[in-house]
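Colleague: Before we look at individual residues, could you take me through this model one question at a time, giving the reasoning ahead of each result?

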Amino acid sequence: MAKAAVTIELSEAERRELESLARARKTGQAMARRARIVLAAAAGLENKEICVELGADANTVGKWRRRFAADRLDGLLDEPRPGTPRKIGDDQIADTIRMTLETTPPGATHWSLRSMAKAVGYAPSTIHRIWRAFGLQPHRTETFKLSNDPLFVEKVRDIVGLYLSPPDRALVLCVDEKSQIQALDRSQPLLPMRPGQVERRTHDYTRHGTTSLFAALDIASGAVIGRCYPKHRSSEFRKFLDQIEASVPGGLDVHLVMDNYATHKTKPIKDWLAKRPRWHVHFTPTGASWINQVERFFAMITDKQIRRGVHRSIQQLETDIRTFIEAHNADPKPFRWTKSADDILAAIQRFCTRTNVISKISESGH
C-alpha cells in the first residue's frame, strides 16, 4: 500500500511567510512553487491533486512536503551542492585585490590576467573570477576633467536655468564649431554588409582636405542652423552669426550659449554683439563642453555620417553634412535636459570628495 502523505499544519506566521513567498515578484520560481506545494498540502489536498493543480510531478511534491514537515521553512532552502572545496582563502583573495589596486607589474602600466596569475601563482581563470566578483577591470580606463573656472557655479546655474526654464519670447541657441573635419577616402573599395558579414573597409585612407562645421542648436525644437567654412577664424564666426541673425524673427531675443574659445571673444565679435541688444551671451565654464547641448549634435553627426563616410573631396563632404542637417531638421527632436544645477553641483562635489580621499590614501601609501 502507498505510504500516507505527511499532514501539514501551519502556524499563522508560517502561513504569512509562505503566502509572501508564493506571490512575491522577486521570489525565484523554484521557491515560489515550493511555497505553493506546502500551502496546498496544508489545505488538505492529496499529493495527486497538488500535482494536477500546480503541474508538478509526484516526486517533487512529496519531496518538499516531507522537507517542510521535517525542517519547516528552512527545509525549503536548497541544500549545499557537492563540489571541490575552495582552495583559495579570504586572505589570499584580499591580497590579490590589494595587489591589483595598489601595484603595477614590472615594465607595464596595469595588470593583465596572465601577468597577475603569474605573480600570485593562480590560474588566469581564477584571477578572472576574483576580478569579476569585485568589479575590477585593470584593462579599462576612462578620462575626466574638472573645470577650474572661478565662476563655475554661477555659469552652471545660468546655463542650466536657460535649459530648464527658457525666457519668454526668446530663442536659446547652443553654438560651437566642429573644426578640422577630414574628407577621407579609403585606399580600396568598401566591402558592403551581407548576411553573416559586417561591412569591411581598409584601415588606411587618403586625405582630401578639411572643413569646419559651425552649428547652432535650438534647444526648444532641436533644429540646427549649420554652415561649413574652410577655416574657423573670427571672420568665419562673424559670418555665421550673420546667418543666425537672418534666420531668427526680429521680435525674439537671442540667448547664445558658447564656450570660451578665442575666436568667440575677439574685438570684431564683441563689436558685432554690442550693436545688437537683443543678443545675450552665456559662456560655458572652461573645460566643461558637456554643458553645451550642441556637442550632442556633433556626436550624432559624427556617428551617423562623418566617421563611416567616404569622401573624395571637401565638396562631397560638405554636401553630405548639409544633407544630414536637412534630414535632421525635417523631423527635429530636442535633447531632453533632466539634471538641475543643484544635481550637477552635488554630483561634482561627491566626485571631488571621493577623488580627494583616494589621493590622500595613495599619498599615504607611498
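Colleague: Is Gln180 buried, partly exposed or exposed?
Modeller: This is a predicted model, and within it Gln180 has its place in strand E1. The backbone of Gln180 has a positive phi of about 55° although the residue is not a glycine. Buried requires under 20% relative accessible area and exposed requires over 50%. Because the relative accessibility of Gln180 is 47%, the residue counts as partly exposed.

Colleague: Arg169 is not a glycine, so what is the sign of its phi, and is the residue buried or exposed?
Modeller: Arg169 has its place in the loop between helix H8 (152-164) and strand E1 (170-186). Its phi is positive, at about 50°, although Arg169 is not a glycine. With the limit for exposed residues set at over 50%, the relative accessibility of 59% means that Arg169 counts as exposed.

Colleague: Which residues does Gln293 touch, leaving aside those up to four places away in sequence?
Modeller: Gln293 is found in the loop between strand E5 (279-283) and helix H11 (294-306). Its relative accessible area is 5%, so Gln293 is buried. Once residues up to four places away in sequence are left out, the residues that Gln293 touches are Tyr163, Cys174, Leu217, Ile219, Phe335 and Trp337.

Colleague: How is Leu45 placed, and what is the separation of its C-alpha atom from that of Ala5?
Modeller: Leu45 lies in the loop between helix H2 (29-42) and helix H3 (47-54), and because its relative accessibility is 23% it counts as partly exposed. Not counting residues up to four places away in sequence, Leu45 touches Ala40, Ile50, Glu53 and Arg65. Ala5 is 40 residues from Leu45 along the chain, and the separation of their C-alpha atoms is 9.9 Å.

Colleague: Why is the pair of Phe214 and Tyr229 assigned its geometry, and what is that geometry called?
Modeller: A pair of aromatic rings is described by the distance of the centres and the angle of the planes. A search of the whole structure finds seven aromatic pairs. For Phe214 and Tyr229 the ring centres are 5.3 Å apart and the planes stand at 90°, so this pair is edge-to-face.

Colleague: Where along the chain do these two rings sit, and which residues form the aromatic cluster that holds them?
Modeller: Phe214 belongs to strand E2 (residues 205-218) and Tyr229 to strand E3 (residues 224-229), and the pair, 15 residues apart, links distant parts of the chain. Both Phe214 and Tyr229 are buried. The one aromatic cluster that includes them is formed by Phe214, Tyr229, Phe237 and Phe240.

Colleague: Turning to the whole chain, what is its radius of gyration?
Modeller: The protein chain has 13 helices and five strands, and its C-alpha trace spans about 100 × 55 × 55 Å along the principal axes. A compact globule of 366 residues would have a radius of gyration near 21 Å, whereas the value for the protein chain is 33 Å.

Colleague: How far apart do the centres of the positive and negative side chains lie?
Modeller: The protein chain exposes about 23600 Å², of which carbon and sulfur atoms supply 52%, and 34% of its 366 residues count as buried. It has 57 positive and 43 negative side chains, and the distance between the centres of the two sets is 5 Å.

Key
Residues numbered from 1 in each chain as written. Predicted model: local features only at pLDDT ≥ 70, side-chain atom pairs only at ≥ 80, totals over all residues. Heavy atoms only, no water. Helix = DSSP H or I, 4+ residues; strand = E, 2+ residues; numbered from the N terminus. Rg over C-alpha atoms; globule rule 2.2 N^0.38 Å. Buried < 20%, exposed > 50% of the residue type's maximum accessible area, 1.4 Å probe, protein only. Areas by Shrake-Rupley, 256 points an atom, 1.4 Å probe, with all protein chains shown as cover. Lys, Arg positive; Asp, Glu negative; His and termini not counted. Charge placed at Lys NZ, Arg CZ, Asp CG, Glu CD. Phe/Tyr/Trp six-rings, centres within 6.5 Å; stacked < 30°, edge-to-face > 60°. Contact = heavy atoms within 4.5 Å.
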